[in-house]
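Here is a walk through a two-chain complex, from confidence scores to helix packing and a few backbone oddities. Keep the viewer open while you read.

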Amino acid sequence: MRATPGRPHSRLEALLRAGKFAVTAEMQPSNGADPDEVRRSASELRGKVDAANCTDNPAARPHLSSLAAGALVAASGVAPVVQLTCRDRNRLALQADLLGAAALGARDVLLLTGDHVSAGDHPEAKSLYDVDSLHLLRIARVLRDDGTYLSGRTLSSRPSYFIGAVENPFAPPHDFRPVRLAKKVEAGAEFVQTQLCFNLPRLSEFIARAGDSGILDRVFVIVSVYVARSTRALRYLRDVVPGVDVPDAVMDRLDRATAERQAQEGFALALETVAALREMRGVSGVHLISIKGQESILRLIEAAGLLPRPAVEWSPDAPMVESSR
Amino acid sequence: MGLLGQALIAIEKAVKVPLFGCRMCGQCILHETGLVCPMNCPKNLRNGPCGGVLVDGNCEVYPERPCVWVRAWEGSRRLPLWRDHIEHVQPPVDWRLQGTSSWANLATGRDDVVPAGWPRRPDGGPDAENHDPTVT
């Protein structure tokens, strides 16, 4: 699909380039300093997912850092997707952490703007937003492909990572979203993970528009699917998390389920969504999210017939950094 | 700064603040953003909306206000000129220009200066040959 020359930067990239349907999952962010908490969670995912996202202070609440989590996940035999947001760091810190993430074993990075501090538990904090997510994507490309900092100063060795972005096909202005995706690709994105999908017709329209512009030949789209464990959790997402679009029909479906059957219905909904996404042209994989519900993610992967994960030719022994020209 | 420079800033402010809610970033891209000032976005986004835009098109930080980028997109659709400029990848903000006159910076080419490592790309963005001599 993608005619990128050179060897893939990660196993995830190799898999996507081989046309295999990818499965990634979101790690539960850690609220402590115990490395075993991260290791335990990662070990459960080993062999079940192609990569696991280590979030960067999600919902603008502090957690164990994504770099540290990424290193622990990598050491547990799972490929981490290390997320970095523009909220908490300026361009100096972001470049330092991109190099740091690569040095600590991250072969996939996901670069995003980040939730505003007003959404979190430290609303009095100063937001940085020195650069935006597109700037960060291009800065990551400059480090990797040009072997320099944004300032032009030469690196002693280049980081090697597959560069990801996020996009939300479900938020206004809907007509701008495929254009924004194209801008992110122009800036440097090689794959995107979307916001949670509860609205397949809307996604389908977005994919069609992006396909028409030719941009899907240059980027892999991984769609996020939420495994709802209760109606309350889904309602919370709809009402409290900005940018999550839960159509009334979906909400009603869970509302109709009795308390004992809600988890089952949420699981069925996720399973149906995954099945639909596997059939949708232009969708290259799914990203599974559940709040404190890794067990249900694992059950979903099994039930959806996504196991075993396909083997793909890619050498993890390839040098992590390419030496500079 | 001379008296003329001060006067230019005062005039630019007097014109653009009431009309566009201008924040005097000194590197104006209003014509590329549907004549809506992107510096009013609480996340300073120069390249499009974040993923948190509410279902009604309002801002996640100020839910009573429309998203700056929803307005920018709509504004760009109405422009007879520069309609497609909203597709350009804008370079990072040079925070040293905050409070200076973008008109003066346009005239001198200062607003086109990007960091030396920011590459020229075929997207109509600023010419990367205008490297910032102070950043090495």
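## A tour of the model

B:L35 sits in the loop that links α1 and α2 of chain B. This residue is not a glycine, yet its phi is positive, at about 60°. Is B:L35 buried or exposed? Neither label fits: it has 16 C-beta neighbours inside 10 Å, so B:L35 counts as partly exposed. Keep in mind that this is a predicted model.

**Chain B and its confidence**

Chain B has three helices and zero strands, so to speak a plain α-α-α run from the N terminus on. Buried residues account for 37% of the 136 residues in chain B. Taking contacts in chain B with a separation of 6 or more, 52% of them are between residues 24 or more positions apart.

How confident is the predictor here? The mean pLDDT of chain B is 89, with 88% of its residues at 70 or more. Among the elements of chain B, helix α1 (residues 3-20) has the lowest mean pLDDT, at 94, while helix α2 (residues 68-78) has the highest, at 97. The stretch to watch is residues 123-136 of chain B, where pLDDT stays under 50. The model still has 34 contacts beyond four places in sequence for that stretch. Where pLDDT is low, the predicted coordinates shouldn't be read in detail. For the complex, the predictor gives an ipTM of 0.92 and a pTM of 0.94.

**Where the chains meet**

On the chain A side, 35 residues are in contact with 31 residues of chain B. Both α5 (133-146) and α6 of chain A supply at least two residues each to the side of chain A that touches chain B. Which element gives the largest share of that side? It is α6(A), with five residues. By class, the side of chain A that touches chain B has 15 nonpolar, 10 polar and 10 charged residues.

A:A119 offers a single-residue view. It is found in the loop between β4 (108-112) and α5 of chain A. Leaving aside its neighbours within four places in sequence, A:A119 is in contact with A:A59, A:A60, A:P242 and B:E60, and the last of those names belongs to chain B. With 18 C-beta neighbours inside 10 Å, A:A119 counts as partly exposed. From A:A119 to A:K48 it is 71 residues in sequence and 32 Å in space, C-alpha to C-alpha.

**Two helix pairs in chain A**

Two packed helices are described by the angle between their axes and the distance between the axes. Here are two pairs from chain A.

| Helix pair | Crossing angle | Axis distance |
|---|---|---|
| α6 (177-187) and α7 (200-212) of chain A | about 50° | 9 Å |
| α2 (35-45) and α3 (66-75) of chain A | roughly 50° | within 9 Å |

Start with α6(A) and α7(A), whose axes are 9 Å apart at an angle of about 50°. That angle makes α6(A) oblique to α7(A), and α6(A) passes α7(A) in a right-handed crossing. On the α6(A) side, A:R177, A:P178 and A:L181 meet A:F206, A:R209 and A:A210 of α7(A). Sorted by class, this contact has four nonpolar, no polar and two charged residues.

Now for α2(A) and α3(A), which cross at roughly 50° with axes that come within 9 Å. Again the angle makes α2(A) oblique to α3(A). The crossing of α2(A) past α3(A) is right-handed. A:P35, A:V38, A:R39 and A:A42 of α2(A) make the contact with A:A69, A:L72 and A:V73 of α3(A). The residues divide into six nonpolar, no polar and one charged.

**Backbone oddities in chain A**

What kind of peptide bond joins A:P172 and A:P173? It is cis, with omega about -10°. A:P173 is in the loop between β6 (162-167) and α6 of chain A. The peptide bond from A:L307 to A:P308 is cis too, with omega near -5°, and A:P308 lies in the loop between α11 (294-303) and β10 (322-323).

Finally, A:K292 has a positive phi of about 50° although it is not a glycine. A:K292 lies in the loop between β9 (285-289) and α11 of chain A. It counts as exposed because it has 9 C-beta neighbours inside 10 Å.

Terms used:
Residues numbered from 1 in each chain as written. Chains lettered and ligands numbered in written order. Predicted model: local features only at pLDDT ≥ 70, side-chain atom pairs only at ≥ 80, totals over all residues. Axes fitted to C-alpha atoms, helices over the stretch in contact; angles between N-to-C directions. Helix = DSSP H or I, 4+ residues; strand = E, 2+ residues; numbered from the N terminus. Parallel < 35°, antiparallel > 145°, perpendicular 65-115°, else oblique. Left-handed = near helix turned anticlockwise from the far one by under 90°. Contact = placed C-beta atoms within 7 Å. Nonpolar A, V, L, I, M, F, W, Y, C, P; charged D, E, K, R; others polar. pLDDT = per-residue confidence, 0-100. Buried ≥ 20, exposed ≤ 12 C-beta atoms within 10 Å, placed from the backbone.
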